[in-house]
Amino acid sequence: MSWKNILILLAVIAVIHVVLIAVFSGGCKGKNKAAESAKTTETESKEEIKQPEVPPPPPVKKAKPSAGWDYGKKVLLPKKLAAMSERARSGVLVDLNRRQVIWEKNARKAVPVASLTKLMTAIIVAEELESNPKFLLKDLVEVSKNAAETEGYGFVKGEVLTVQDLIACMMIRSTNDAAVQLAEMISGKESDFVKKMNDRALELGMTQVKFTSASGLPVGKKRENSFATAENIVDLCVELMQFDSVMEFCGKSSAKLSNGKEIYTTNGLLKHPTKARPNWRKVPGLIGFKTGFTNAAGCCLAFGVTRNGRTIIGCVTGFPSSADRERFCNDLIEWAYKR
């Protein structure tokens with residue numbers, strides 16, 4: 001064989017060898033890639049199985065929209081009443097049957113409301129009485145150190161009262177220590193109860209409300225007050241009317257506690273049982289509700305009256321004196337029923 005033929009043969013063998021290497025190498029890479037892909041898929045599948053099942057987020061609690069009040073055209077008060085109303089910071093009077101505003105002044109402006117705060121405290125206490133079979137009106141309560149140190153009726157640490165006694169003190173005499181004691185019974189700490197109050201206000205659609213205590217007393221170094229609108233207070237009164245456990249005491253001028261002590265009302269629309277005061281008179285058909293006073297809030301009052309099947313509910317804030325507050329509310333009620 002000539003050298004030329006030998007060289008051609010070697011060249012052919014080399015080409016065949018290169019082709020075989022290329023084919024074998026590609027096949028291996030393909031197999032490796034498929035194997036790696038299968039391995040990755042298997043791993044991911046295993047990881048998916050190992051992952052804990054994440055529970056769905058809890059539903060967001062939406063505020064219950066307020067039924068609202070029909071403000072209609074602005075009503076002008078008679079001259080004398082209009083002059084008296086100038087002393088109020090805010091106020092509103094509504095016809096509950098028609099959900100119509102009879103009179104208002106800054107009714108949707110948030111202002112300090114002092115002990116009118118206790119209306120929300122009373123609502124939560126009443127709801128607890130209805131929903132918790134272990135929380136009863138006759139339950140005996142030992143007054144805590146915190147409640148005894150709160151400005152109020154003058155409870156003594158360790159003194160024993162019933163839940164009903166505390167409600168009576170809070171609604172008739174507007175005692176702050178009773179409100180604090182009830183808050184602690186339900187939530188352990190007053191601060192936790194205040195959170196419950198604000199959450200409940202949001203559920204009722206009251207976006208301008210800010211409660212800082214169960215009693216309405218200002219708290220902290222900055223003396224933060226509880227704020228609400230006069231319209232909010234009327235809405236709280238309407239909500240409270242469904243609870244007999246509290247409403248029983250809203251229109252009472254006095255009560256005898258289980259320990260024998262007597263308490264008397266701070267509401268000048270109810271005739272005081274022992275003291276003669278010219279501005280205190282029994283308003284016919286009065287069903288409640290609450291007085292309030294702090295330096296920031298002035299003299300406040302929430303009231304409700306039913307006559308001949310027609311119920312009106314009102315709230316005023318910011319009066320310079322309780323006498324001014326009661327005279328105005330008394331005359332306002334009579335004017336409303338004569339309209």
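**Strands, cover and backbone in a predicted model**

Mentor: Strand E9 and strand E10 (residues 298-307) pair in the antiparallel sense over 8 bridges. The model is predicted, so local features need pLDDT of at least 70 and side-chain atom pairs 80 or more, whereas totals for chains, interfaces and linings use all residues. Residues are numbered from 1 along each chain as its sequence is written, and side-chain values use heavy atoms, without hydrogens and water.

Trainee: What makes E9 and E10 a pair?

Mentor: Two strands pair if DSSP finds at least two bridges between them. E9 and E10 have 8 bridges, and they therefore satisfy that rule. One bridge sets Leu-286 opposite Val-305 in E10. The two strands form a hairpin, with 3 residues between them.

Trainee: How do you know which strands belong to the open sheet, and in what order do they stand?

Mentor: The sheet has 5 strands in the order E2-E1-E11-E10-E9, with antiparallel pairing. E2 (100-105) and E9 have a single partner strand each, so they stand at the edges and one side of each lacks a neighbour in the sheet. Neighbouring strands are turned by 5° against each other on average, direction ignored; the axes are lines fitted to C-alpha atoms. Further along the order, E10 is joined to strand E11 (residues 310-319) by 8 bridges, again antiparallel. Gly-304 stands opposite Ile-313 in E11.

Trainee: Why is E9 called mostly covered?

Mentor: In E9 (residues 286-294), 7 of the 9 residues are buried. Buried means under 20% relative accessible area, exposed over 50%, and partly exposed in between (1.4 Å probe, protein chains only). Of the 339 residues of the protein, 45% count as buried.

Trainee: Why is Ser-90 called buried, and which residues does Ser-90 touch?

Mentor: Ser-90, in strand E1 (residues 90-95), has a relative accessible area of 0% and is therefore buried. Beyond four places in sequence, Ser-90 touches residues including Lys-105, Ala-230 and Thr-317, where contact means heavy atoms within 4.5 Å. The side chains of Ser-90 and Thr-317 also make a polar contact at 2.7 Å. That value suits the rule that a polar contact is a pair of N or O atoms within 3.5 Å, one able to donate a hydrogen and the other to accept it.

Trainee: How far apart are Ile-263 and Tyr-153 in sequence and in space?

Mentor: Ile-263 and Tyr-153 are 110 residues apart in sequence and 9.1 Å apart in space, C-alpha to C-alpha. Tyr-153 is among the contacts of Ile-263, as are Ala-168 and Leu-257. Ile-263 is found in strand E8 (residues 262-264), and its relative accessibility of 0% is why Ile-263 counts as buried.

Trainee: Which class of exposure do Arg-99 and Asn-308 have?

Mentor: Arg-99, in the loop between E1 and E2, has a relative accessible area of 24% and is therefore partly exposed. Asn-308, in the loop between E10 and E11, reaches 85% and so counts as exposed.

Trainee: What is the sign of phi in Arg-99 and Asn-308?

Mentor: Phi is positive in both: about 50° for Arg-99 and near 50° for Asn-308. Neither residue is a glycine. Most residues other than glycine have a negative phi, and most peptide bonds are trans.

Trainee: Is the peptide bond from Gly-288 to Phe-289 cis or trans?

Mentor: The bond is cis, with omega near 25°. Phe-289 lies in strand E9.

Conventions. Helix = DSSP H or I, 4+ residues; strand = E, 2+ residues; numbered from the N terminus. Axes fitted to C-alpha atoms, helices over the stretch in contact; angles between N-to-C directions.
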